[in-house]
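Trainee: I am new to this structure and would like a close look at a single part, the sheet and what is packed around it. Could you take me through that part slowly, explaining each term as you go?

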Amino acid sequence: MLDIFAINDLHGKLLDNSSQPGVDELTSFLKSARDDNPNTVLLSSGDMWQGASESNLTHGRIMTDWMNSLSFASMTLGNHEFDWGEEYISANGDAAEFPLLAINVFDRSTNERVDYCDASVVVE
């Protein structure tokens, strides 16, 4: 059996507040799922970094570290990953223990695919 969880649009929401939960409950759920089935794959479908102050202050690094701690298999770039510019995508990509994915992102000056993301990844 294979379980796949795709997480998206967290928008840097690490901490709970009175109107919205943070990732602590989600973390517990995902860890429990992986304990129940070691064939569990965690994917990010984008818009993970920009939004909440705790992530904005670190330009997404705190969310990248969280995804590292849960051994995400990959992260597809969403439109909000580009809000701070390519410098921070590259920095988060360097910190990530998983590939950043986007098949259709090109450098305008060279018309070549950018080097900070991959087109795909194989998960075994």
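Mentor: What follows begins with the sheet and then turns to the helices, the core and a few single residues.

This is a predicted model, in which local features need pLDDT of at least 70 and side-chain atom pairs count only at pLDDT 80 or more, while totals for chains, interfaces and linings use all residues. Residues are numbered from 1 along each chain as its sequence is written, and side-chain values use heavy atoms, with hydrogens and water left out.

The sheet is open and has four strands in the order β1-β2-β3-β4, with parallel pairing. At its edges stand β1 (3-7) and β4 (100-101), and because each has a single partner strand, one side of each is left without a neighbour in the sheet. Strands here are DSSP runs of E with at least two residues, helices are runs of H or I with at least four residues, and both are numbered from the N terminus. Two strands pair if DSSP finds at least two bridges between them.

Going across the sheet, β1 and β2 run parallel and are joined by five bridges, and Phe5 stands opposite Leu42 in β2. Strands β2 and β3 also pair in the parallel sense, over two bridges, with Met75 in β3 as the bridge partner of Ser44. Strand β3 (residues 74-76) pairs with β4 in the parallel sense over two bridges, and here Met75 stands opposite Leu100 in β4. Strand β2 (residues 40-44) is mostly covered, since four of its five residues are buried; buried means under 20% relative accessible area, exposed means over 50%, and partly exposed lies in between, with a 1.4 Å probe and protein chains only.

The connection from β1 to β2 passes through helix α1 (residues 23-36), and the three elements make a right-handed β-α-β unit. A crossover is right-handed if, with the strands pointing away from the viewer, the path from the first strand over the helix to the second runs clockwise. In the loop between β1 and α1 lies Asp9, whose phi is near 55 degrees, a positive value in a residue other than glycine. His11 has its place in the loop between β1 and α1 too, and its phi is near 50 degrees, again positive in a residue other than glycine. For comparison, most residues other than glycine have a negative phi. Asp9 is partly exposed, with a relative accessible area of 39%, and His11 is partly exposed as well, at 23%.

At the β4 side, helix α4 (residues 86-95) has Ile89, Asn92 and Ala95 as its buried residues. They cover an arc of only 125 degrees around the axis, which puts them on the same side of α4; the arc is that of the directions from the helix axis to the C-beta atoms. What covers these buried residues includes α3 (61-69) and β4, through contacts, meaning heavy atoms within 4.5 Å. On the other side of α4, Glu87 and Asp94 are exposed, with Glu87 at a relative accessible area of 57%.

Helix α3 also has a part in the largest nonpolar core, a core being a set of buried Ala, Val, Leu, Ile, Met, Phe, Trp, Tyr and Cys residues joined through side-chain atoms within 4.5 Å. Of the 24 residues in this largest core, Trp49 and Trp66 touch the most other members. The elements that give two or more residues to this core are α1 and α3, and the largest share, three residues, comes from α3.

The structure holds one salt bridge, a term for a side-chain nitrogen of Lys or Arg within 4 Å of a carboxyl oxygen of Asp or Glu. It is formed by Arg61 and Asp65, whose closest N and O atoms are 2.8 Å apart. Being four residues apart in helix α3, Arg61 and Asp65 are separated by about one helical turn. Arg61 is partly exposed, with a relative accessible area of 41%, and Asp65 is also partly exposed, at 33%.

Finally, Ser55 in helix α2 (residues 53-56) counts as buried, at 0% relative accessibility. Not counting residues up to four places away in sequence, Ser55 touches Gly12, Trp49, Gly60, Ile62, Met63 and Trp84.
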